[in-house]
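Trainee: Could you walk me through this structure before I start poking at it myself?
Mentor: Happy to, so let us have it in front of us.

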Amino acid sequence: EQLYRWNCTDDRKFENFLPRVWCMVKRYQTYLGLSSNEGHGTQNSLPVLVMECLHKHFGVTFECFASPLNCYFRQYCSAFPDTDSFFGSRGSVLKFFPIAGSFEVNPPFSEELMEATVNHLERLLTESQESLSFIVFFPDFRDPVPVALTKLEASRYKREQLLIPAYDHEYRHGFQHIMPRSEVSVRSTHGTHIIFLQNDAGYARWGPTPERLDALRESYRPGLDRDREVAAEAVPVSSLPSKDTPPKDLPLGPPKLI
């Protein structure tokens, strides 16, 4: 509801809210399937504490792969702009052309999409003279190594690369919108590479300093997100923020586009 309130200017009276929610939810239900072993992996997202760290220490204000059901920020790119745009989506990342800003990039594990994304990010960094930064999260697949990961590791814009080992971190389940909070965090069975792609201006503003990297590693520690979710379930409803009050740490400004 809050995403709709922030992003949908053509329906201030919420007359079309429920039909648009229905269309969006049915689209994702059709795409993901109903079985617990179907498409949830395409919608896994980073822990909330990691997103908070990215915003606080690296100025991230936008997700390049998200949906109305799993986004952290109020603006993001998603697979289905026709149903998602009412809730903040800016369409496909491959048709998104920012010239400034700091972005989180956590694509589904499709090798073709991952490679196309890397090519797109490199073009954006080459064409912009303003502060531009992409923090990319890729799985540690090594047998064989995906072409996209090889390109990332060889990129002239790569400033730093971290590897979070398998089972030492968690993701949020792709069905988090219909699961109990205490079950949302899922231990990762593969390592995760965190690769910082930044032009010179982006590096000067949001460079991965040792202190910032330490904070990022700490935010990934298993169990932190789960503890917060369990604590949130115990909070009385009367003490929660009003639906008209945006979260304090949610960025207000959109990225700068071409």
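Mentor: What follows goes from the nonpolar cores to one helix and then to one residue.

Mentor: This is a predicted model, in which local features need pLDDT of at least 70 and side-chain atom pairs count only at pLDDT 80 or more, while totals for chains, interfaces and linings use all residues. Residues are numbered from 1 along each chain as its sequence is written, and side-chain values use heavy atoms, with hydrogens and water left out.

Trainee: Which residues have the most contacts inside the largest nonpolar core?
Mentor: They are Phe103, Val105, Phe134, Val136, Phe138, Leu152 and Leu197, in a core of 23 residues. A nonpolar core here is a set of buried Ala, Val, Leu, Ile, Met, Phe, Trp, Tyr and Cys residues joined through side-chain atoms within 4.5 Å, and buried means under 20% relative accessible area, exposed over 50%, and partly exposed in between, with a 1.4 Å probe and protein chains only.

Trainee: And which elements each supply at least two residues of it?
Mentor: β2 (98-105), α5 (111-127), β3 (132-139), α6 (147-154) and β7 (192-198) do, and the largest share, five residues, comes from α5. Helices (H or I, at least four residues) and strands (E, at least two) are DSSP runs, numbered from the N terminus. Apart from this core lies another, of 20 residues, among them Val50, Ile135, Phe137 and Leu162.

Trainee: Switching to α2, which of its residues are buried?
Mentor: Phe17, Arg20, Met24, Tyr28 and Leu32 are. They cover an arc of only 90° around the axis, taken from the directions from the helix axis to the C-beta atoms, which puts them on the same side of α2.

Trainee: What sits on the face turned away from that side?
Mentor: That face carries the exposed residues Leu18, Trp22 and Thr30. The buried residues, in turn, are covered by elements including α1 (2-7) and α4 (81-84), and just after α2, Gly33 takes a positive phi of about 85°.

Trainee: Asn7 caught my eye: buried or exposed?
Mentor: Asn7, which lies in helix α1, is buried, with a relative accessible area of 18%.

Trainee: What does its side chain reach at 2.9 Å?
Mentor: The side chain of Asn7 reaches the backbone oxygen of Leu3 at that distance, and a polar atom of the same side chain lies 3.5 Å from the backbone oxygen of Arg74. Not counting residues up to four places away in sequence, Asn7 touches Arg74, Gln75, Ser85, Phe86, Phe87, Gly88 and Arg90, where contact means heavy atoms within 4.5 Å.

Definitions and conventions:
Polar contact = N/O pair within 3.5 Å; in protein donor to acceptor, adjacent residues only side chain to side chain.
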